[in-house]
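This report describes how the helices of a model pack together, what lies at the centre, and what is found in the connecting loops. Please keep the sequence and the structure in view while reading.

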Amino acid sequence: VMKEIEAFHADLYMLYHYYLPKNEKEKIAQAAANLQVKMDSLDAAQLPARMKKKEEAFLTARAALSASVKELSAVMSSDDQKKIAQAIETMHSKYQALEKVFE
């Protein structure tokens, strides 16, 4: 739907399906940093005109995803693997909610 969403998903996919299950700490940290950059781009992106009727739902879901990315960034410095995994799970759920806006 939007290149910014696809770019975000590419990094999230690797983080959620590969790095987290294997507990690859360095890759998790790098992916978390990359996702913050991708989220900055997504936060600045405009919904295509053909999707304007979904704008309110999109803005709400995007704000929730953005907050979850910030939360992940905050817990990354803790080295608490349980909190990091929980933040990744939350972020993944928020991403899925954003995707559902376009279904």
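## Basis of the description

Helices (H or I, at least four residues) and strands (E, at least two) are DSSP runs, numbered from the N terminus. The model is predicted, and local features need pLDDT of at least 70, side-chain atom pairs count only at pLDDT 80 or more, while totals for chains, interfaces and linings use all residues. Residues are numbered from 1 along each chain as its sequence is written, and side-chain values use heavy atoms, with hydrogens and water left out.

## Packing of α1 against α2

Helix α1 (residues 3-22) and helix α2 (residues 25-44) have axes that come within 9 Å and cross at roughly 160°; axes here are lines fitted to C-alpha atoms, for helices over the stretch in contact, and angles run from 0 to 180 degrees between N-to-C directions. That angle makes α1 roughly antiparallel to α2, given that angles under 35 degrees count as roughly parallel, over 145 as roughly antiparallel, 65 to 115 as roughly perpendicular and the rest as oblique. The crossing of α1 and α2 is left-handed, a term used if the near helix is turned anticlockwise from the far one by less than a right angle, and replaced by right-handed if clockwise.

Among the α1 residues that meet α2 are I5, F8, L12 and L15, and the α2 side includes I28, A31, L35 and L42; contact means heavy atoms within 4.5 Å. The residues of this contact divide into 12 nonpolar, two polar and four charged, where Ala, Val, Leu, Ile, Met, Phe, Trp, Tyr, Cys and Pro count as nonpolar, Asp, Glu, Lys and Arg as charged, and the others, Gly among them, as polar.

## Packing of α1 against α4

The axes of α1 and helix α4 (residues 81-100) are 11 Å apart, with an angle of about 140° between them, and α1 and α4 are therefore oblique to each other. This crossing, too, is left-handed. On the α1 side the residues include H9, Y16 and H17, which belong to a set that meets α4 residues including I88, M91 and Y95. By class, this contact has 11 nonpolar, three polar and one charged residues.

## The nonpolar core

The largest nonpolar core, a set of buried Ala, Val, Leu, Ile, Met, Phe, Trp, Tyr and Cys residues joined through side-chain atoms within 4.5 Å, has 31 residues, of which F8, L15, L65, L72 and M91 touch the most other members. The elements that give two or more residues to this core are α1, α2, α3 (55-76) and α4, and its largest share, seven residues, comes from α1. Not counting residues up to four places away in sequence, L15 touches L20, P21, I28, A31, L35, L72, I88 and M91.

## Individual positions

In the loop between α2 and α3, A45 counts as buried at 8% relative accessibility; buried means under 20% relative accessible area, exposed over 50%, and partly exposed in between (1.4 Å probe, protein chains only). Beyond its neighbours within four places in sequence, A45 is in contact with M2, E4 and R62. S66, in helix α3, is buried with a relative accessible area of 7%, and, with the neighbours within four places again left aside, S66 is in contact with M39 and D43.

N23, in the loop between α1 and α2, has a positive phi of about 50° although it is not a glycine, and N23 is partly exposed at 37% relative accessible area. D79, in the loop between α3 and α4, is likewise a residue other than glycine with a positive phi, near 65°, and D79 is exposed, with a relative accessible area of 55%.
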